[in-house]
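Trainee: Could you take me closely through one loop residue and then through the strands around it? I would like the cut-offs stated as you go.

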Amino acid sequence: MKFRPLHDRVVVRRIESDERTAGGIIIPDTAKEKPQEGEVIAVGPGARDESGKLMPLDLKAGDRILFGKWSGTEVKIDGQDYLIMKESDVMGILEGRAAGKKAA
């Protein structure tokens with residue numbers, strides 16, 4: 001099944017964090033927090049402004065993003081877990097290959 005979000009909504013798949021700390025300690029599933037980083041899977045066409053003009057979204061499929069801890073609605077599509085959220089819930093786009101790592 002294909003899913004196409006409407007208006008200014010985006011479909012996001014969470015990107016799981018490492019199961020170990022920097023010191024090598026394994027973190028059990030019960031102690032893990034849900035990741036706030038994800039990959040955009042699909043985007044809607046955009047929202048309409050007051051005059052009815054379509055305002056396209058800044059996000060596109062494949063973008064790595066950061067979002068708020070309680071953002072979006074969790075859904076299951078074809079056995080996969082996704083989040084559906086508005087573009088305004090997204091804090092920013094992670095750019096570069098080592099987006100999750102600190103620069104040395």
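Mentor: Ser 71 counts as buried, because its relative accessibility is 13% and buried means under 20% relative accessible area, with exposed over 50% and partly exposed in between (1.4 Å probe, protein chains only). This is a predicted model, in which local features need pLDDT of at least 70 and side-chain atom pairs count only at pLDDT 80 or more, while totals for chains, interfaces and linings use all residues. Residues are numbered from 1 along each chain as its sequence is written, and side-chain values use heavy atoms, with hydrogens and water left out.

Ser 71 lies in the loop between β5 and β6, where strands are DSSP runs (E, at least two residues) and helices are runs of H or I with at least four, numbered from the N terminus. The side chain of Ser 71 reaches the backbone nitrogen of Gly 68 at 3.2 Å; the cut-off for such a polar contact is a pair of N or O atoms within 3.5 Å, and within protein one must be able to donate a hydrogen and the other to accept it, residues adjacent in sequence counting only if both atoms are side-chain atoms. Setting aside residues up to four places away in sequence, Ser 71 also touches Leu 83, Met 85 and Asp 89, contact here meaning heavy atoms within 4.5 Å.

Two of those partners lead into the interior, since Leu 83 and Met 85 are among the 10 residues of the largest nonpolar core, which also includes Val 12, Ile 65, Phe 67 and Val 90; a nonpolar core is a set of buried Ala, Val, Leu, Ile, Met, Phe, Trp, Tyr and Cys residues joined through side-chain atoms within 4.5 Å. The elements giving two or more residues to this core are β1 (9-14), β5 (64-67) and β7 (80-86). A second, separate core of 5 residues includes Val 11, Ala 42, Ile 77 and Ile 84.

Leu 83 also has a place in the strand pairing: Val 12 stands opposite Leu 83 in β7, and Leu 83 is the bridge partner of Glu 74 as well. The strands β1 and β7 run antiparallel and are joined by 4 bridges, whereas strand β6 (residues 73-77) is joined to β7, also antiparallel, by 5 bridges; two strands pair if DSSP finds at least two bridges between them. Val 11 has Ile 84 in β7 as its bridge partner. In a regular strand the side chains alternate between the two faces of the sheet. The strands β6 and β7 form a hairpin with 2 residues between them, and Asp 78 in the turn has a positive phi of about 50 degrees.

Seen as a whole, 6 strands form an open sheet in the order β6-β7-β1-β2-β5-β8, with antiparallel pairing. Its edge strands are β6 and β8 (90-94), each of which pairs on one side only. From one strand to the next the twist averages 45 degrees, where axes are lines fitted to C-alpha atoms, for helices over the stretch in contact, and angles run from 0 to 180 degrees between N-to-C directions.

At the level of the chain, there are 0 helices and 8 strands, and 27% of the 104 residues count as buried. Among contacts with a separation of 6 or more, 62% come from residues 24 or more positions apart.
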